[in-house]
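Hi,

Here is the structure I promised to pass on to you. Have a look at it first, and my notes come right after.

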Protein chains: 2
Amino acid sequence: MADYIRTTIKDLERFVVDVMKKLDVPEDDARIVADVLIRADRRGVESHGVARLRRYVNGLKDGLMNPHPNIKIVKETPVSMLVDGDAGLGMVVTYNTMKKCIEKAKENYMCFAAIRNSNHYGIAGYYSLMALEAGLIGFSVTNAAPLVVPTFGKDAALGTNPISFAVPANKERPFVLDMATSTVPRGKLEVYNRMGKKIPLSWATDENGAPTDNAAHVLENLKQRKGGGLLPLGGGEEETGGHKGYGLAMLVDILSGVFSGGAFGLNVYGKKNAPPNVCHFVGAIRPDTFVSEEELKDGMDGLIQMVKNAPKREGKDRIYIHGEKEFEKEEENQDTVPLYIKVYEDLAKIGEEFGIEPPTKVK
Amino acid sequence: MADYIRTTIKDLERFVVDVMKKLDVPEDDARIVADVLIRADRRGVESHGVARLRRYVNGLKDGLMNPHPNIKIVKETPVSMLVDGDAGLGMVVTYNTMKKCIEKAKENYMCFAAIRNSNHYGIAGYYSLMALEAGLIGFSVTNAAPLVVPTFGKDAALGTNPISFAVPANKERPFVLDMATSTVPRGKLEVYNRMGKKIPLSWATDENGAPTDNAAHVLENLKQRKGGGLLPLGGGEEETGGHKGYGLAMLVDILSGVFSGGAFGLNVYGKKNAPPNVCHFVGAIRPDTFVSEEELKDGMDGLIQMVKNAPKREGKDRIYIHGEKEFEKEEENQDTVPLYIKVYEDLAKIGEEFGIEPPTKVK
């Protein structure tokens with residue numbers, strides 16, 4: 001961990017909030033942004049943590065992200081909402097929508113919201129965790145910049161379109177699925193590139209649609225929109241199930257982009273210098289909608305224990321439940337979080353720009 | 001296609017209905033069973049077609065499947081049902097539940113049903129197609145016999161747990177995802193085994209949890225419960241995303257088995273000589289829940305055309321949308337369906353047992 005420093009969560013929060021405030025984001029909204037980003041770092045999902053602050057700073061500076069969005073419920077039923085995010089920060093738009101979704105679900109057993117005209121919302125899991133913390137089951141998906149190549153295609157047309165689903169248990173930790181529908185997200189290629197490691201052939205293709213082990217080449221192609229991109233979960237062939245990952249990416253784009261009447265596929269980040277139109281779909285379900293809450297939680301304990309206690313293959317001493325690694329990380333990172341040194345340096349640069357003290361390094 | 005013969009759909013229907021009736025299944029229910037099985041054959045999903053008739057015959061003969069189930073709504077809200085299938089045939093239980101779900105969704109925008117104490121229900125897509133044909137969006141998942149090995153595990157603990165989601169379009173065919181959450185279903189190993197072909201290493205593991213290319217060995221191990229099994233979508237390693245397919249299998253088991261208070265994981269076919277306790281989860285959503293129905297369908301056209309028209313990789317001239325191949329097959333198989341010769345021979349044997357004329361071969 002020589003490449004990492006640590007800061008206190010409090011100090012990092014102070015820093016993010018102050019930067020956002022300098023960009024005209026109201027304090028309450030700035031706190032939401034800080035909480036979503038830092039929770040990703042605490043949970044070990046550093047690709048979606050404060051490392052992304054620069055993007056939000058640029059979006060606000062360039063006028064592509066709206067610090068004072070008029071978040072509007074365009075249409076509402078007892079169990080659904082259609083929301084327009086007015087180009088606001090994705091975290092602010094989705095946090096507020098999920099809050100309302102939770103209220104409505106408490107009343108009517110479930111509620112789902114399709115959100116259009118938003119921006120990148122951080123980790124999908126943040127919003128399903130919100131439902132969980134309110135005593136409900138949570139669901140959250142989003143479309144994203146087109147980086148993923150459909151099966152038999154040559155160029156990226158769909159996002160890494162993640163799916164999160166969170167269900168409470170009783171004695172066990174909750175089940176929290178939070179997965180990109182591509183084999184890996186772009187951040188993983190960046191990590192391998194940094195280490196000078198070859199990537200597995202099921203991760204990405206070159207500009208001709210052929211599988212490649214060269215991360216730098218794929219990243220450069222994506223940046224310059226030269227073709228190729230990430231492969232869906234299952235890889236590049238039907239034989240290995242690539243059409244399934246591609247189908248899940250479609251499903252997420254339908255829920256987010258089509259259900260909301262917003263942008264999908266290539267249109268999400270379609271026009272140069274125009275605000276992106278990222279769309280999300282979130283939902284909450286009362287745990288007593290089908291069986292009772294107690295039965296549901298006991299059932300979750302039963303399933304989780306059954307799988308955790310199943311025989312391990314040679315060389316492995318543990319089967320992980322989804323979310324387990326992240327909860328353990330979060331417990332490890334109670335007061336302080338590790339930051340990759342280059343991420344810290346970038347934060348310091350942002351601080352300099354705005355005359356804000358960077359978060360202090362701690363041991 | 002030398003290994004295949006064809007029969008008319010009408011005659012095949014007559015045959016399945018008569019067999020079911022001999023087993024004390026009421027005529028209306030027998031027609032549902034026939035329709036679900038034959039629709040799979042028509043759509044080219046032969047692993048889930050009349051090839052499975054033998055299993056239902058045995059289940060009824062052994063008293064493990066109930067020909068006169070008392071299908072009961074145990075609990076109901078405006079947008080949900082908890083249903084007990086009373087060990088009925090999975091198709092009969094789920095067809096009736098989906099009918100009711102569709103009615104409720106028409107009234108209240110959406111409805112989801114968790115079903116316990118059922119049996120294998122055929123293709124997941126049948127029920128999402130039912131919603132589609134009623135003008136709605138459809139959702140259908142089911143747990144299944146434990147054949148899939150969780151990441152880092154040695155033995156199968158979860159089912160191939162398929163996910164189906166169907167959304168109508170306007171000018172384009174509907175999007176109909178219908179996928180096992182394993183890389184491939186067991187039937188695919190049977191096909192490779194028949195052809196004497198090696199299977200890719202991302203499909204299955206041997207009794208020690210090591211990837212294997214030997215289909216016969218895996219099938220034998222599964223039959224005898226000796227260990228090993230199918231791999232989740234993404235294969236056997238986290239590096240290739242296997243934990244994601246495993247997570248999706250968990251999600252399906254939670255919706256089906258845990259939400260319904262039924263069986264999950266190893267308990268689905270847990271006890272010898274006891275009725276299986278297969279659980280399903282289905283739902284329907286009105287297409288005007290979020291945007292208007294017209295906007296939704298136009299959006300679907302837009303997304304589908306965008307992806308279909310995207311540049312193809314070398315050697316490919318088409319990008320398929322999910323369900324497209326199956327709809328084309330179904331159009332091909334309007335009046336007659338192809339049956340694998342061994343499947344036909346097995347039907348003939350069943351016919352002999354019950355004194356029922358097998359379906360006539362046609363050209």
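Below is what I found in it, starting with how the chains meet.

Please keep in mind that this is a predicted model.

The interface: 62 residues of chain B are in contact with 62 residues of chain A. On the chain B side, the elements that give two or more residues are strand 2 (72-77), strand 3 (80-84), strand 4 (110-118), strand 6 (163-167), strand 7 (175-179), helix 8 (242-260) and helix 9 (293-308). Helix 8 of chain B contributes the most to that side, with nine residues. Sorted by class, the side of chain B that touches chain A holds 33 nonpolar, 17 polar and twelve charged residues.

The symmetry: a turn of 180° with a shift of 0.0 Å along the axis lays chain B on chain A with an RMSD of 0.0 Å. The two chains are therefore related by a two-fold axis. Within chain B, B:Gly234 has the C-alpha nearest the axis, 2.4 Å from it. Both copies use the same surface, as 100% of the contact residues of chain B recur in chain A.

The core: the largest nonpolar core has 243 residues, and those touching the most other members are A:Val16, A:Val33, A:Phe175, B:Val16, B:Val33 and B:Phe175. Helix 8 of chain B turns up again here, giving the largest share of this core with ten residues. If you would like one residue to start from, take B:Val33: leaving aside residues up to four places away in sequence, B:Val33 touches B:Val16, B:Met20, B:Val25, B:Tyr56, B:Leu89, B:Met91 and B:Val92.

Enjoy browsing, and best wishes!

Key
Residues numbered from 1 in each chain as written. Chains lettered and ligands numbered in written order. Predicted model: local features only at pLDDT ≥ 70, side-chain atom pairs only at ≥ 80, totals over all residues. Contact = placed C-beta atoms within 7 Å. Helix = DSSP H or I, 4+ residues; strand = E, 2+ residues; numbered from the N terminus. Nonpolar A, V, L, I, M, F, W, Y, C, P; charged D, E, K, R; others polar. Least-squares fit on C-alpha atoms with pLDDT ≥ 70 in both. Core = buried A, V, L, I, M, F, W, Y, C linked by C-beta atoms within 7 Å. Buried ≥ 20, exposed ≤ 12 C-beta atoms within 10 Å, placed from the backbone.
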